[in-house]
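Q: I'd like a close look at one part of this model. Could you walk me through the buried charges and the strands that carry them?

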Amino acid sequence: MASRHTHALLARSAPLVLSTLFFLLPPAAEAQQGQYPQVDLGGRAQVQYAHSSIDGAENDFFARRVRLRADVAVNEWITGRVQPDFAGGGAALQDAYVELAFSEGLRLTIGQFKRPFDLFDLASSTDLSIIERDGRIEGLGGCPGVGSVCTHQRLMESLLFAGRDQGVMLEGEAGRIGYSAMLANGEGPNTSDINDSKSFSSRVSVMASEDLTIAGKLAVHDYLETPTETSQAMAFGVDAEWGTWRDGFHAQLSLVSGENWRSLDGLGDPATFHAFEGWASFYQPLDGARVVGVEPLFRIGYADANTDGVDDAGLLFTPGLMFYFGGRNKFGANVDVYSPEAGSSEYSLKLQTYLYF
């Protein structure tokens, strides 16, 4: 088992490793067809301004994501990725994995990467039209067990059903059916396991038509109920996606239910949570020399973090607009409006630039 010291060393070494790759290895586009190893280097930088309606909340500019990426193909069936993030003045590994593609129906991935559960989390931040998946309002909290606001994504991330983790995953496709299943430490990225148990995440998807994909998902998260006793919490749900990014109408929908192991019900057991969220956008290409596309969008969500509690739910609305300058390079504006069962509605204006290379 890797120690926390090892993870810290890896995070500090990541900038040097990627910088060396950038200078010493030729881009994949310049490599001759069929030559190995092949290295594709790239990255992203996303800078955000957030303004909250909460008095006294921080309203500032900050680097949301600053990442370099190295995708390596050792041969036709062995590939991998290293991707650190430098936002916030530090360095932390995001992705670090090796993938063995035995066939179209069977691929094995080992390392640190996203758990195969939540539809919204699995979408890359370079594609997203929504600026913040969890719809947080700076300065507003109080959601049972998870803090911040009660939203679908906040529950998924804080309860560790979604997000990056360290482990092993099997996935593949057979016709219109795709599957993925991961066994992970359960503690999140760059963190050693704290018990002898493991967490499980899985998805099975069906391409119902050329535009529509429907999926079912199941996750079991292990956690320490006491300093010496391990328990498991479950989450399950369905989601659907119509269309794709930057191609006309695009919609995503997710329904999920499970156990909020960070909050207890009246009997002292993990509380039950329910959450719903839907996103819709429409990408319209333009003939402009600088602005090549525009995309209005809307999100609506509802989450109840403890169904036995009182005033533990909230509604989230997000209208927004994206302007595209080419590919995934764009500028966007979102207004996240949160209406809790108890208290007044609050909002957060978010502006974000996206540089992708």
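What follows goes through the salt bridges, then the strands and cores around them.

A: Bear in mind that this is a predicted model. It holds 22 salt bridges in total, and a good place to start is Asp95. That side chain meets Arg81 in a salt bridge, at 3.9 Å from N to O. Arg81 sits in strand S3 (residues 78-85) and Asp95 in strand S4 (residues 92-103), so the pair links distant parts of the chain, 14 residues apart. Asp95 is also buried, because its relative accessible area is 6%, and buried here means under 20%.

Asp95 has another partner, too: Arg164 forms a salt bridge with it, with the closest N and O atoms 2.9 Å apart. This pair again ties distant parts of the chain together, with Arg164 in strand S6 (residues 164-174), 69 residues from Asp95 in S4. Arg164 counts as buried as well, since its relative accessible area is 14%.

These contacts belong to something wider. Through shared partners, salt bridges join Asp40, Arg69, Asp71, Arg81, Asp95 and Arg164 into one network.

Now for another buried pair. The side chains of Lys217 and Asp118 meet in a salt bridge at 4.0 Å, N to O. Lys217 comes from strand S9, while Asp118 lies in the loop between strand S5 (106-114) and helix H2 (119-122), and 99 residues separate the two. Both of them are buried.

Lys217 also leads us into the strand pairing. It stands opposite Arg203, and the strands involved, S8 and S9 (residues 212-224), pair in the antiparallel sense over 8 bridges. S8 and S9 form a hairpin, with 4 residues between them. Going the other way, S8 (residues 199-207) runs antiparallel to S7 (residues 177-184), and 8 bridges join those two. There, Arg203 is the bridge partner of Ser180. Arg203 therefore has Ser180 as one bridge partner and Lys217 as another.

S9 has a nonpolar side to its story as well. The largest nonpolar core has 25 residues, and those with the most contacts inside it are Phe117, Leu155, Met156, Leu159, Phe161, Trp261 and Phe273. S9 is one of the elements giving two or more residues to this core, along with helix H3 (152-158) and strands S10 (230-242), S11 (248-264) and S12 (270-285). Another core, of 13 residues, lies apart from it and includes Ala123, Ile130, Tyr283 and Tyr354.

Methods:
Residues numbered from 1 in each chain as written. Predicted model: local features only at pLDDT ≥ 70, side-chain atom pairs only at ≥ 80, totals over all residues. Heavy atoms only, no water. Pairing = 2+ DSSP bridges. Core = buried A, V, L, I, M, F, W, Y, C linked by side-chain atoms within 4.5 Å. Buried < 20%, exposed > 50% of the residue type's maximum accessible area, 1.4 Å probe, protein only.
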